[in-house]
Amino acid sequence: AASVPPNGASDGMSNVLAIFVDEPYIDLYKNTYTRFNTRIYPVSVMDETKDHFVRNIGRDEWEITYLIRGDDPIIGDDITIDGQILNITSVYSNAYRHNYSNTNVVFDDSVVNVGDGNFYGNSKIVSVDLNNVKTLGSEVFYKCTVLSSVDFGNQLESIGNSTFASCGTLRQEIILPSTMDRIGARAFYGTQITKVHTGGTTTID
């Protein structure tokens with residue numbers, strides 16, 4: 001069994017940027033190091049630009065687990081290891097939460113899953129292009145206070161709880177694609193949106 005120091009062991013660790021642990025112990029570490037629970041990630045490797053940590057999640061599928069720095073004009077594009085361009089299909093929860101500096105979020109064609117909390121509280125983002133994303137986790141864009149434009153693409157299937165909640169400047173008419181299945185609770189709570197075309201949605205929490 002894994003041995004994790006008790007609460008208090010992190011006292012004085014004010015400059016911690018990221019903690020990488022074996023995936024089976026992530027929840028254990030988050031429950032122990034509660035101050036850093038959005039900075040705990042699965043064991044990963046650094047890409048050649050030294051801007052990202054990534055991990056293999058399938059035969060030819062990779063996930064960004066942590067953005068070290070940068071604005072990533074297209075998230076998931078041109079990330080390499082040993083000269084090979086990786087097929088980035090997923091962005092791990094909170095991977096972009098702390099260090100993303102661009103005003104526009106654009107996902108590469110290959111990215112289909114975006115985990116919880118990735119741009120939580122970002123006060124710079126003004127526009128989002130989901131492109132081929134199928135699944136948005138919970139609170140992905142929660143409290144992005146200047147977000148005013150979202151292109152939902154034509155592949156989206158699921159929007160998590162509070163994904164766009166408290167985006168107070170988001171007032172556009174929302175048109176979701178026919179591929180939609182689920183809209184989570186409070187997904188658009190606290191916005192100025194007055195109309196949502198739910199596409200093929202079958203479940204609204």
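Student: Where is the place of leucine 170?

Tutor: Good place to start! In this predicted model, leucine 170 sits in the loop between strand 14 (158–159) and strand 15 (174–175).

Student: Why is leucine 170 called buried?

Tutor: Set its value against the cut-off. Buried means under 20% relative accessible area. Leucine 170 has 0%, so it is buried.

Student: Which residues is leucine 170 in contact with, leaving aside its neighbours within four places in sequence?

Tutor: They are Leu147, Ser148, Ser149, Val150, Phe164, Thr191, Gln192 and Ile193. Threonine 135 makes a nice exercise in distance: it is 35 residues from leucine 170 along the chain, and their C-alpha atoms are separated by 20 Å.

Student: What about serine 90: is it buried or exposed?

Tutor: Try the cut-off again: under 20% is buried. Serine 90 has a relative accessible area of 4%, so it counts as buried. You can find serine 90 in strand 8, residues 88–91.

Student: What makes the pairing of the side chains of serine 90 and glutamate 63 a polar contact?

Tutor: The distance is one part of the test: the N or O atoms must be within 3.5 Å. Between the side chains of serine 90 and glutamate 63 the polar contact is 2.8 Å. Serine 90 has another such partner, since its side chain joins that of asparagine 113 through a polar contact of 2.9 Å. Glu63 and Asn113 are also among the residues that serine 90 touches, as are Ile57, Trp62 and Ile64.

Student: How do you know that asparagine 122 is buried?

Tutor: Its relative accessible area is 9%. The limit for buried is under 20%, so asparagine 122 qualifies. Yet asparagine 122 is found in a loop, the one between strand 10 (113–114) and strand 11 (127–129).

Student: What lies 2.8 Å from a polar atom of the side chain of asparagine 122?

Tutor: The backbone nitrogen of lysine 124 does. Not counting residues up to four places away in sequence, asparagine 122 touches Tyr100, Lys143, Cys144 and Thr145.

Student: Why is lysine 143 called partly exposed?

Tutor: Buried ends at 20% and exposed starts over 50%, with partly exposed in between. Lysine 143 has 44% relative accessibility, so partly exposed is the right label. Lysine 143 is in the loop between strand 12 (135–136) and strand 13 (149–151).

Student: What is phi of lysine 143 near?

Tutor: Phi of lysine 143 is near 60 degrees, a positive value, and the residue is not glycine. Most residues other than glycine have a negative phi. Lysine 50 also has a positive phi, about 60 degrees, although it is not a glycine. Lysine 50 belongs to the loop between strand 3 (45–46) and strand 4 (52–58).

Student: Now the whole chain. How do you know that its radius of gyration agrees with a compact globule?

Tutor: A compact globule of 205 residues would have a radius near 17 Å, and the chain has 17 Å, so the two agree. Along its principal axes, the C-alpha trace spans about 50 × 40 × 30 Å.

Student: How many helices and strands does the chain have?

Tutor: Its secondary structure comes to 1 helix and 18 strands. Of the 205 residues, 45% are buried. The accessible surface comes to about 10000 Å², with 45% of it belonging to carbon and sulfur atoms.

Key: Residues numbered from 1 in each chain as written. Predicted model: local features only at pLDDT ≥ 70, side-chain atom pairs only at ≥ 80, totals over all residues. Heavy atoms only, no water. Helix = DSSP H or I, 4+ residues; strand = E, 2+ residues; numbered from the N terminus. Rg over C-alpha atoms; globule rule 2.2 N^0.38 Å. Buried < 20%, exposed > 50% of the residue type's maximum accessible area, 1.4 Å probe, protein only. Areas by Shrake-Rupley, 256 points an atom, 1.4 Å probe, with all protein chains shown as cover. Polar contact = N/O pair within 3.5 Å; in protein donor to acceptor, adjacent residues only side chain to side chain. Contact = heavy atoms within 4.5 Å.
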